[in-house]
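A visitor meets a structure for the first time and asks a guide to explain what can be read from it. Their conversation follows the display.

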Amino acid sequence: MQKNRSPFDSKVVKYLRPNQPFQCGRPGDPCELGPTTSGRCSAPDGRCNPVPSEEKTRQRWFRAAILLTLGIALIAFSRNDFTILDPGTHSSFHSHLDCASCHDQVDLISVDFLRRGLLSQGESHATMKCLDCHVMGEHGAKPHSIAPESLSLLTDGLSDSGHPIENVACARCHEEHRPQESTRSIHDARCQTCHQQQFPSFDDGHPEFSSTYGQPKRAIQFDHGDHARKHFAEYPDRAPESCDDCHILGPDRHRMAVQPFATSCAPCHADSISGHGPTGKDRGIEFLSIPSLDSEALSQNGKDIGAWPTVGSDFPRGWSLRWIRDGMSVDTDLEALSGVELYDLEDQPDEVLAATQKMALHFKNELRIALDSDLESFIRSLVSPAEEMDVDLAQISRLSGKLPRSLLEQARASWFPPPEEQGVITPESSTEDDSSSDQNDDDLLADDDDDDLLADDDDLLLEESPPVGLAVTDRDESSITRSGGTISAIDPDKWANAGGWYFDAPSIRYRPVEHADRFIQEWATLEAKSGGKDPDSESIFQQVFGPLAAGNCATCHVGVQHDEPKVRWSPESMRPPSYPQATHFSHGPHVLSGSSATCLSCHEMAIDPHLSNDWKSISRNTCTECHGQQVQSGCTTCHEYHVGPRSHLINSARIDQLNLPQKQ
Amino acid sequence: MLNLRTPSIGMIIFVAVAVIVFNYGLHVSSRSLGDLAMTSGWFLLASFLLLGLYGLRKKLPFLPLGKTSTWLMLHLATGFLGTYFFLEHTGYRIPTGTFDILLWIGYAIIILSGFSGWFLMRTIPQPLRESMHLLPARIHGELETLISKADAEIKELRSSAPNSTFESVYLSVLRPFLHSGPGFLPKGSKESRYLPADISSRYSRSINFSQLEPASVENRVHQLILRKSELDRQLRLQRWMRGWLLIHLPVTGSMVILIGLHILVVHTFAAGSGG
């Protein structure tokens, strides 16, 4: 190698070494002196022009690039144009937003910009800006968007740790400016930050489902096995052919709903409600009833109560008792009457007789007040005082069942036929009778005109009778003679076979014949809520919803319980009481996927009669046949993160934002 | 032929440990709901600074900081690591924002030019040594000498044979070639001593240079033409071998500025802890 060494080799001419800034520019043999470090020829006569070395050239380019970049950056930043810093396309949800919607507007050439950047003081409130639009409630930024104390209760480890539960920035999971990824897709590792029970995938290590998964507590009692084995076999013409004869995908496409009663149950069970079938109850529920009292004993002991029917019911209960309770002393009167057979008051102490008289007079008085006031006031007097303030007119309407005033009049006339009631009741009573008399005088139907057919003495409308459609009842009469012939007295319960109000001495009754009767539903709901707060609630609840009540509601509606304030009538209304709904299953993609799977692919009928449910619980293996194989199986496939109470509220506009012109 | 050195065990361990630490950092960041892009970004910045240490080391040759070859090996290993960190940081995709695209392109140029330089450094020195030993700074001087010689030869030819065909070809084809630059792309083949194909074609239409007498003026000029071709190739190889640095280093300089701005922007506008 040495023999090939050039005369220009750096070993020979030192200044030609690469780290020298300039080299001799003279062609031919190199100058022994070489250029100075400032690039001048060292020769006395300055014979050549030194050229920059490669190192010098690189340095120049390097510095030029830095200066050029700095210059361009300064120009770009001085325009304060944030679009140049925009890190990329927004997700489609945010495509309408500009930078200021989510970020602070900071001058790019400012001390504030440098301070924030150098001290890593990013936008700590960025999450709050998200929550300006995404309404997540008071605890929206907290884990799972629920109150820390609620989260602590759900998580033993968290409650034991003693650490405060801090906010979680939205951007920790929802990455914006990454158009290739959905801001909704969350990596499983994010969940496992806190959920430390880690496993590779859903089909490998995921905890088994709870033993009751797929067996939701039902609001409707229905045994699929019994129906399939017994009833459908016995009545094949009424039996459904497939699951969708009774079940239908709900409007949200997530939940399976039950077809309406008229479609799924009525073909077999309508008669059971109306009372026309073998299991139905054809006697209406007792609404108001007058108790049977030993009026003779009362009178003999100076406790006269005036006229009182000889036939009555047992000790007042339900509505009747609540009706008169206001006028009674609970501690003395009702205590004194407790266990007393009111139809036999002989040898009863004076305090019992006094309490009985008080009750009887109060009963009469309440009836008069009811007829003197209006339907709303009357119904309100029957509602539990604990609930009365919360009941609105629409509910009163349902609670009344549109009870006609004439039925109350008929009941009064039957219980206390005039003139016996006169003189017993307070002077207020005379007012009604007078007005009633005046009304009759003015009544066209009472005209003495002999030519008027309606004025015929035998006319039905002039009798002491209820309006058309109400049963005339007095079981003591065998028949009533009319000018047109003889009408047999019929059983009022039979007469009311199409439902509604009727009087069957000594009671006013109501008979439901249709499913979802509003009167029954409203009273059952109200009394279920009043449970424990009102002494008569249980009795009224049993009257409208008990096992012996007409309509047979309790046979199926197990979601309505007297001691359960949450009333669940519909099959879909059964939810865990206050637990965040963190797991979801959407039937839609499974039953609409066009796959060969049927309901029975996942739901297996339980053969064991000791099981509480007629279906076996859903096991994880049922899901892993598809999920984790060809179907996704990430945490958020089945689990919700945001489970706060306001997590799914829409960003609703206020009405005043409509900006409509004022109407002239 | 690529002349690769076997990486030392130390470098292999360094790369392996760095990859493990990087992934552990991402794992820890993920498990603590951290910002993965921020974590990978800090690793990327660290690798960028470590790569820059090689340049500093070259500025301080007098300090006993280990052999330059070791530093170069470290620079290369860190280059591989930096490439991995860069891909992780960018999510293996091209960003869509203007500034981010600029950063991505800049970093990609550094990576590509770096690996190109490494490739050229492993392939070019050997053919350079094989062909001649000449400092690049002196090639231009030799080319000037060569042109002078060729002109002198033609003057001599003109005096003995005025208006010869060779003189005509020299003036129209060969002399412009002698005055032309080396270009950037490879020209000719080793067999033709790297004489550009277009020159060879035009040249051979009039002169059959394979049958020139060795002592003739034409042959001496022909040898000068071939020498020019070889010097051009030498210059081209020198350009490649050192030219990549004129991309690698200035872009690195620009990236120092852009990365600094990127860090400022990210820390200023990125979502924080959630308030």
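The questions below move from the model as a whole to single residues.

Visitor: What kind of model is this, and what ipTM does the predictor give the complex?
Guide: This is a predicted model, and chain B averages a pLDDT of 87, with 94% of its residues scoring at least 70. Where pLDDT is low, the predicted coordinates should not be read in detail. For the complex, the predictor gives a pTM of 0.64 and an ipTM of 0.86.

Visitor: How many helices and strands does chain A have, and what share of its residues is buried?
Guide: Chain A contains 27 helices and nine strands. Among its contacts between residues at least 6 apart in sequence, 63% join residues at least 24 apart. Of the 664 residues in chain A, the buried share is 24%.

Visitor: In what order do the strands of the open sheet in chain A lie?
Guide: The edge positions belong to strand 5 (285-289) and strand 8 (500-504) of chain A, each of which pairs on one side only. Strand 9 (residues 507-511) of chain A is joined to strand 5 by four bridges and to strand 8 by five bridges, and both pairs run antiparallel. Neighbouring strands of this sheet are turned by 30 degrees against each other on average, direction ignored. The three strands of this open sheet therefore stand, by the rule that two strands pair if DSSP finds at least two bridges between them, in the order 5-9-8.

Visitor: Which residue in strand 9 of chain A is the bridge partner of Y502(A)?
Guide: Strand 8 and strand 9 of chain A are joined in a hairpin through two residues, and five of the five residues of strand 8 are buried. On the other pairing of strand 9, S289(A) has S507(A) as its bridge partner. For Y502(A), the bridge partner in strand 9 is R509(A).

Visitor: Which peptide bond in the loop between strand 8 and strand 9 of chain A is cis?
Guide: The loop between strand 8 and strand 9 of chain A includes P506(A). The bond leading into this proline has an omega near 10 degrees and is cis. The bond asked for runs from A505(A) to P506(A).

Visitor: Which helix of chain A lies across strand 8 and strand 9?
Guide: The helix in question runs at about 10 degrees to strand 8 of chain A, a strand that is mostly covered. It spans residues 405-415 of chain A and is helix 18.

Visitor: Which helix gives the largest share of the largest nonpolar core?
Guide: In soluble globular proteins, nonpolar side chains tend to be buried together. Here the largest nonpolar core has 53 residues, and L407(A), I508(A), W523(A), A524(A), V544(A) and F545(A) have the most contacts inside it. Apart from this core lies another, of 22 residues, which includes L85(A), A18(B), F99(B) and L103(B). The largest share of the 53-residue core, seven residues, comes from helix 14 (residues 350-372) of chain A.

Visitor: Which elements do the buried residues of helix 10 of chain B pack against?
Guide: Helix 10 of chain B, residues 245-269, has 25 residues and reaches 35 Å from its first C-alpha to its last, close to the 36 Å expected. Its buried residues include H248(B), P250(B), L261(B), V265(B) and F269(B). They pack against helix 4 (98-123) of chain B, together with helix 1 (54-78) and helix 3 (111-118) of chain A.

Visitor: Why does Y194(B) count as buried?
Guide: Y194(B) is in the loop between helix 7 (165-179) and helix 8 (197-206) of chain B, and it has a positive phi of about 65 degrees although it is not a glycine. A residue is buried if 20 or more other C-beta atoms lie within 10 Å of its own. Y194(B) therefore counts as buried, since its C-beta neighbours inside 10 Å number 20.

Visitor: Is C635(A) buried, partly exposed or exposed?
Guide: C635(A) belongs to helix 27 (residues 635-638) of chain A, and, leaving aside its neighbours within four places in sequence, it is in contact with D188(A) and C191(A). A buried residue needs 20 or more other C-beta atoms within 10 Å, and an exposed one has 12 or fewer. Because C635(A) has 18 of them, it falls in between and is partly exposed.

Conventions: Residues numbered from 1 in each chain as written. Chains lettered and ligands numbered in written order. Predicted model: local features only at pLDDT ≥ 70, side-chain atom pairs only at ≥ 80, totals over all residues. pLDDT = per-residue confidence, 0-100. Expected span 1.5 Å × (residues − 1). Contact = placed C-beta atoms within 7 Å. Axes fitted to C-alpha atoms, helices over the stretch in contact; angles between N-to-C directions. Core = buried A, V, L, I, M, F, W, Y, C linked by C-beta atoms within 7 Å.
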